[in-house]
Amino acid sequence: MTGPSVVALGGGYGLSASLRAARRYAGEVTGVVSVADDGGSSGRLRRAFGIPAPGDLRRCLVAVAAEGNVWAEAFEHRFDGSDLDGHPVGNIILAGLTDTLGSFGAAIDECLRLLGSVGRVVPATVEPVTLKAVFRDPLSPGGHNFVEGEVEVGRTSNLMSIAVVPADPTSPPEALAAIARADQLVLGPGSLFTSVLAVLAVPAINEAVAAARGRKVYVANLGEQHPETTGFDVADHLAALRAHGVEVDVVLTDPDGLAPGDLSVFGATVVRRPLAEPSIRLHDPVRLAEALAQLI
């Protein structure tokens, strides 16, 4: 394919939607994925085998899989009952390949081959990391307190900042190289603190994004995420990005989505386009692709 080089950063459904969109117009697609999840199947596997959380990576691997690839459907199959209850097949395969091949990165590469992928997916860090957040707490000394772990962070309101533990984990060189050569960097949609900022809190990723020549586009969420971003508007999201050292060039938002707030202080171009799927409040990859392709 010919076309721009696009890097999307984040985690969960939001990042998979961005990757499904980017593959429609980009010549090169890379997803840089948070591996900080400590809940559900991902949490069980990282505790059992000491691997980075595989769940968001699995979802993104499927997003860049070849059309009609049988492995893509199999990766998303979730076991029901027995000792494997709740585990998606793709998570188990990533864990097994890591043990067989000796590295998480090699396991991802083999999954990309199995899926006939049209893009690349890389973790934000090569080792497991834990999220640690500061939140406003008027009952604590100094008016703030701490919470640790992605699940607990996602259950917390009045969040102020996020960091990773250990504080300076190693990021894959291919992630940093992809960010450096990208024509467009897509941040969001997705959980602000536990997906988007979870990636940008990794120091090497943060520095690479700040130095990148590509146009940085923030795709705003369609609504608040309770309790993580209760009371947040789009301007609050941009303020959180700025507080973590990231300035964006363009804000892409749905006219019927999250309330905009005062965006004039950020110096970013604001583009309003219908982005939601008609029947459900999720980003439509086709609409998202059409909007992002115009913002290269």
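## Reading the calls in a predicted model

User: Why is Arg-213 called exposed?

Analyst: In this predicted model, Arg-213 has a relative accessible area of 57%, and since exposed means over 50%, Arg-213 is therefore counted as exposed.

User: What makes Arg-213 and Asp-183 a salt bridge?

Analyst: Their side chains meet with N and O 3.3 Å apart, and the cut-off for a side-chain nitrogen of Arg and a carboxyl oxygen of Asp is within 4 Å, so the pair qualifies. Arg-213 lies in the loop between H10 and S8, whereas Asp-183 lies in the loop between H8 and S7, so the pair ties together parts that are 30 residues apart in sequence. Asp-183 has 27% relative accessibility and counts as partly exposed, because this value falls between the limits of 20% and 50%.

User: How do you know that Arg-181 and Glu-28 form a salt bridge, and what parts does the pair tie together?

Analyst: The closest N and O atoms of Arg-181 and Glu-28 are 2.7 Å apart, which is within the 4 Å that the rule allows. Arg-181 belongs to helix H8 and Glu-28 to strand S2, so this pair links parts that are 153 residues apart in sequence. Arg-181, with a relative accessible area of 38%, is partly exposed, and Glu-28, at 27%, also counts as partly exposed.

User: How many salt bridges does the rule give, and which residues are linked in a network?

Analyst: The count comes to ten. Asp-109, Arg-120 and Glu-174 are linked in a network of salt bridges. One of the pairs is that of Glu-247 with Arg-242, whose closest N and O atoms are 2.8 Å apart, again within 4 Å.

User: Why is Asp-137 said to have no salt bridge?

Analyst: The nearest side chain of opposite charge is that of Arg-136, at 10.0 Å, and a salt bridge needs a nitrogen within 4 Å of a carboxyl oxygen, so the criterion is not met. Asp-137 is nevertheless buried, and its place is in the loop between strand S4 (130-136) and strand S5 (144-148). Not counting residues up to four places away in sequence, Asp-137 touches Gly-143, His-144 and Asn-145.

User: How do you know that the buried residues of H6 line one face of the helix?

Analyst: The buried residues of helix H6 (residues 104-114) are Phe-104, Ala-107, Ile-108, Cys-111 and Leu-112. Seen down the axis of H6, they fall within an arc of 140°, so they line one face. An α-helix has 3.6 residues a turn, so residues three or four places apart point the same way. The cover over the buried residues of H6 includes helix H3 (55-63), helix H4 (70-76), helix H5 (89-101) and strand S3 (120-123).

User: What makes Ser-103 a cap of H6?

Analyst: A side-chain oxygen of Ser-103 lies 2.9 Å from the backbone nitrogen of Ala-106, at the N-terminal end of H6, and a polar contact requires N or O atoms within 3.5 Å, so the distance satisfies the rule.

User: Why is helix H1 described as mostly covered?

Analyst: Nine of the eleven residues of H1 (residues 12-22) are buried, among them Leu-15, Ser-18 and Leu-19. These buried residues pack against several elements, including strand S1 (5-10), strand S2 (28-33) and helix H12 (285-293).

User: What makes Ser-82 and Asn-158 stand out in their backbone angles?

Analyst: Most residues other than glycine have a negative phi, and most peptide bonds are trans. Ser-82 takes a positive phi of about 70° although it is not a glycine, and Asn-158 likewise has a positive phi, of about 60°. Ser-82 sits in the loop between H4 and H5 and is exposed, with a relative accessible area of 61%, whereas Asn-158 is found in the loop between helix H7 (150-154) and S6 and counts as partly exposed at 37%.

User: How do you know that the peptide bonds before Pro-166 and Pro-227 are cis?

Analyst: Omega is about 0° for the bond that joins Val-165 and Pro-166, and omega is near 0° for the bond from His-226 to Pro-227. Pro-166 lies in the loop between S6 and H8, while Pro-227 has its place in the loop between strand S8 (215-219) and H11.

Key:
Residues numbered from 1 in each chain as written. Predicted model: local features only at pLDDT ≥ 70, side-chain atom pairs only at ≥ 80, totals over all residues. Heavy atoms only, no water. Buried < 20%, exposed > 50% of the residue type's maximum accessible area, 1.4 Å probe, protein only. Helix = DSSP H or I, 4+ residues; strand = E, 2+ residues; numbered from the N terminus. Arc of directions from axis to C-beta. Contact = heavy atoms within 4.5 Å. Polar contact = N/O pair within 3.5 Å; in protein donor to acceptor, adjacent residues only side chain to side chain. Lys, Arg positive; Asp, Glu negative; His and termini not counted.
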